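Hi everyone, and thanks for coming along. Could you bring the structure up on the screen, please? I'll talk you through a few parts of it.

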Amino acid sequence: MNIAALFNDRHYRWFAWGAVVLVLLALPFITEAVLGRSWVRIIAVSLLFVMLALGLNIVVGFAGLLDLGYIAFFAVGAYSYALLASPQFAVHWPFLLLLPLGAAIAAVFGILLGAPTLRLRGDYLAIVTLGFGEIIRVFLNNLNRPVNITNGPQGITLIDPLQMGGFSLAQTHSFAGLTFSPVHNYYFVFLVCAALTIALSLRLQNSRIGRAWVAIRDDELAASAMGINTRNVKLLAFAMGATFGGVAGGLFASFQGFISPESFQLIDSIMVLCMVVLGGMGNVAGVALGAVLLTALPEALRYIGPLQQRWFGGVLVDPADLRMLLFGLALVLMMLLRPEGLWPVRRRQAGKGNADAG
Amino acid sequence: MDIFAQQLINGLVLGSIYALVALGYTMVYGILGLINFAHGDITMIGALVALTILQGLAAAGLPAPVLLVIAGGGAMIVCAALGLSIERVAYRPLRRAPRLAPLITAIGVSILLQYSAALVWGKQYIALPKLLEPSAIDIAGAQLTTLQLAIFLLACAIMAALLWFIKTSRMGRAMRATEQNPDVAGLMGVNTNSVIAFTFVLGSAIGAIAGLMIILYYGIGHYFMGFMLGLKAFTAAVLGGIGNVGGAVLGGLLLGVIESLASGYIGDLSGGVLGSNYRDIFAFLVLVLVLVLRPSGLLGQQNGDRA
Amino acid sequence: MPADILLAASGICKHFGGLAALSDVSISVRRGEIFGLIGPNGAGKTTLFNVLTGLTVPDVGKLTFDGRRIEGLKPHAVAGHGIARTFQNIRLFGSMTTLENVMLGRHLRSNTGVLGAVFRTRAAVAEELAITRRARELLDYCGLAARADDLARDLPYGDQRRLEIARALATDPQLLALDEPAAGMNATETAALKALLERIREDGITLLLIEHDMKLVMGLSHSVAVLDYGEKIAEGEPEAVQRNPRVIEAYLGSGFA
């Protein structure tokens, strides 16, 4: 039986979704047992990238605005959190305040950076957003003088973990015979956030706003003639995309406990863009899949080092370099073999719920 | 020493190198509508090949001009072959693919080139053996070295030759026709595949010379050097009006001058708050300003429906 | 025929470089009529359409629609005032379905924002339902109901033209501006189109029509204006315009007169 059909079947869908939820709940424990704790961290990080990729998907996938500086919003969210919850300024605001605040600041940046690019199309937009991404990074790197704000290239350390009351995610807890290490704790928080992001993306996609985004992607001029205020709709896409990035950034800062401009380079923007494209632009499930795959792939390629040791009795090629080489190769091959992505948008399910409308 | 004149000279020299690299971007974009993201890295390969040749022959006792011609020639051959194969393998199959697909491929090729270079040359900075003893000429209180003069003149000569070639030669006419409308050009008997391949070869060979110049100018090479260079050259191409060969020249020179002057004066202008470590953002600030005021670049056609 | 003027353009000029696309063109469209705009290729008809719908800003000239000045407004604002249009070179949203294209047309007359969409508020759900219902009605009205779930880019040519009309109608226009709606249609399709346009007018929507099919435009229109080289050379009832010697000379040729 077709798996997709299982999820739509009225009788089996609860069962199917229940199985998915169970697998996701058990995943960190199984992963830890089979592959070790470092892989639990990797899948937790992959969930952060799901959020990031879905945020960029709003801008690139839905609205068709090619943004090559998206990681800047991740950086803005991360630094907003880090500066207000670390010894840097000796303030420690609660995360329930900081995450929305970081999202809001990122959204403002989204609008500020989006506004000058509204008239630009295609490749020009790409290069300007790329420039903005670099500008933000240059500032993060240099805003340690004359007043030390970002601590420059050294970055910010000792960032507060997520905590509520006495419960800190940075501590190990035991529950129902299972050990929840900090990585496990964060995994579950990220899982909830990623699920929310997916739900938000789907709801936006199937809404008046989502239609307007796709319309300006397909034909901006026709969209404006049909009464779409293209300026507002584009800014909204930038702001929404930035919001997702900002929240993910805040979570990232608390998870790592340390951030520096190193984490927010052009290659990271490109990586997120590749997740969107590999998964299939505009397809929420595909993009989420792309994010998980592309986070896991370079990590999996790390094993090449030990394999070389075993096969050749020495490390011929620096595994980090080989990883990047294979990543580049994978991008090229992927585009040559499946240019529309792993999971292209075939046909959006039009008028879901028209059955009741009809 | 006159800071303004000095920065102007430095800017023009640097700008002429930007312009050479920008030509590669703009020619490919003009014909294929593709940002050849890997072009900066092709230049990097050219630079490192030239550097290796110079290192290898340094002990041979050949006169410097002969050495430079060999190094430049070698780099051009390697880069031309590289450009040709990249076009053939990575871009040609994607001509009719969705717009983002070739851009992603180009990013993939860029990463491949960078890390292949890291494998071959390592990740450390590589120094150029001392070849030339450039003497300096005093102009308006500033110093112009013979090396700077040579770079600038050679760059100008290459650009003039290219413009002339595109304007007058048979292949140049085919390039312009393909740029206007590849389908119609094809119908008119232009072999668009070979025109496109030729464009890559030409752009890459010019990039190789730019790479050699960078090596001579800064004296060091690095596997990642193509990244910022490529970015700025692309900025220069957009600034001038991407797809427009004359625009790339103008954009490159302008960008070099603006960057030099701005990084020379930023400390004074901002009362010491901002230092020359902000140098790399000027390119982008200029770009944003120009695009907002004149989205098609300085010499680009005002074409509302582009892209 | 009520005599009040819905749309008045006066003294419109538009130059592209040295080329005068429109010079001192004035037209007035009465409420409830079908107004035909004809002229040879390159006469400036589409430019005038673009000026009327805000896609092109005129160099000089006044536009009054329903008693309000609309020149210089953005296209979406013009649409908001009640002018909807179709395009000569069909411009549908290709990756959306037929139904979604029409639903998009309702954007202007609905207001669910991000929060409503995300939280599926009662108002948002009700509005989405109303949008879908109205869109389906319009598909029915234009004879496209069977195509609702096909991608717009997969529709046959004639259906694409009618889908553009359905999408434009979804914006609740007072004036529907059609740029060569019958182009590329066969005789049967043209006859069906004619019936559809008459029905739209009977439902109270004023029509402004660029068309090359003379039989269609003369048969439908209550008034006709003729453009030639960016100038209006005649305006009036179809019969009078057809007899106008300048028109015959400039455009219709001996075959028609």
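I'll go through one helix of chain A, then the sides of chains B and C that touch chain A, and then chain C itself. Please keep in mind that this is a predicted model.

Let's begin with helix α2 of chain A, residues 13-35. How far apart should its ends be? At 1.5 Å a residue, its 23 residues should span 33 Å, and the end C-alpha atoms are 31 Å apart, which agrees. There is a bend along the way, though: α2(A) turns by about 45° at A:Leu27. A proline, A:Pro28, follows within four residues of that point. Just after the helix comes A:Gly36, which has a positive phi, near 100°.

Now, is α2(A) largely in the open or largely buried? Of its 23 residues, the number buried is two, so this helix lies largely in the open.

Next, the side of chain B that touches chain A. Here 35 residues of chain B are in contact with 32 residues of chain A. Which elements of chain B give two or more residues to that side? They are α4 (100-121), α9 (225-240) and α11 (279-293). The largest share comes from α4(B), with 13 residues. As for the kinds of residue on this side of chain B, there are 28 nonpolar, five polar and two charged.

Chain C touches chain A as well: 37 residues of chain C are in contact with 29 residues of chain A. At least two residues each come from α2 (75-81), α3 (98-105), α4 (114-119) and α5 (122-141) of chain C. Which of them gives the most? That is α3(C), with five residues. This side of chain C divides into 16 nonpolar, twelve polar and nine charged residues.

Last, chain C as a whole. Its secondary structure comes to ten helices and ten strands. Why can we call chain C as compact as a globular protein of its length? Its radius of gyration is 19 Å, and the globule rule gives 18 Å for 257 residues; the two values are close, so the description fits. Along the principal axes, the C-alpha atoms of chain C fill a box of roughly 65 × 40 × 40 Å. Buried residues make up 49% of the chain. And if you take the contacts in chain C between residues at least 6 apart in sequence, 66% of them join residues at least 24 apart.

That's my tour, thank you for listening!

Note on methods: Residues are numbered from 1 along each chain as its sequence is written. Chains are lettered from A and ligands numbered from 1 in the order in which they are written. This is a predicted model: local features need pLDDT of at least 70, side-chain atom pairs count only at pLDDT 80 or more; totals for chains, interfaces and linings use all residues. The expected span of a helix is 1.5 Å times one less than its number of residues. The bend at a residue is the angle between axes fitted to the seven residues ending there and the seven starting there. A residue is buried if 20 or more other C-beta atoms lie within 10 Å of its own, exposed if 12 or fewer, and partly exposed in between; C-beta atoms are placed from the backbone. Two residues are in contact if their C-beta atoms, placed from the backbone, lie within 7 Å. Ala, Val, Leu, Ile, Met, Phe, Trp, Tyr, Cys and Pro count as nonpolar, Asp, Glu, Lys and Arg as charged, and the others, Gly among them, as polar. The radius of gyration is taken over C-alpha atoms; the globule rule is 2.2 Å times the number of residues to the power 0.38.
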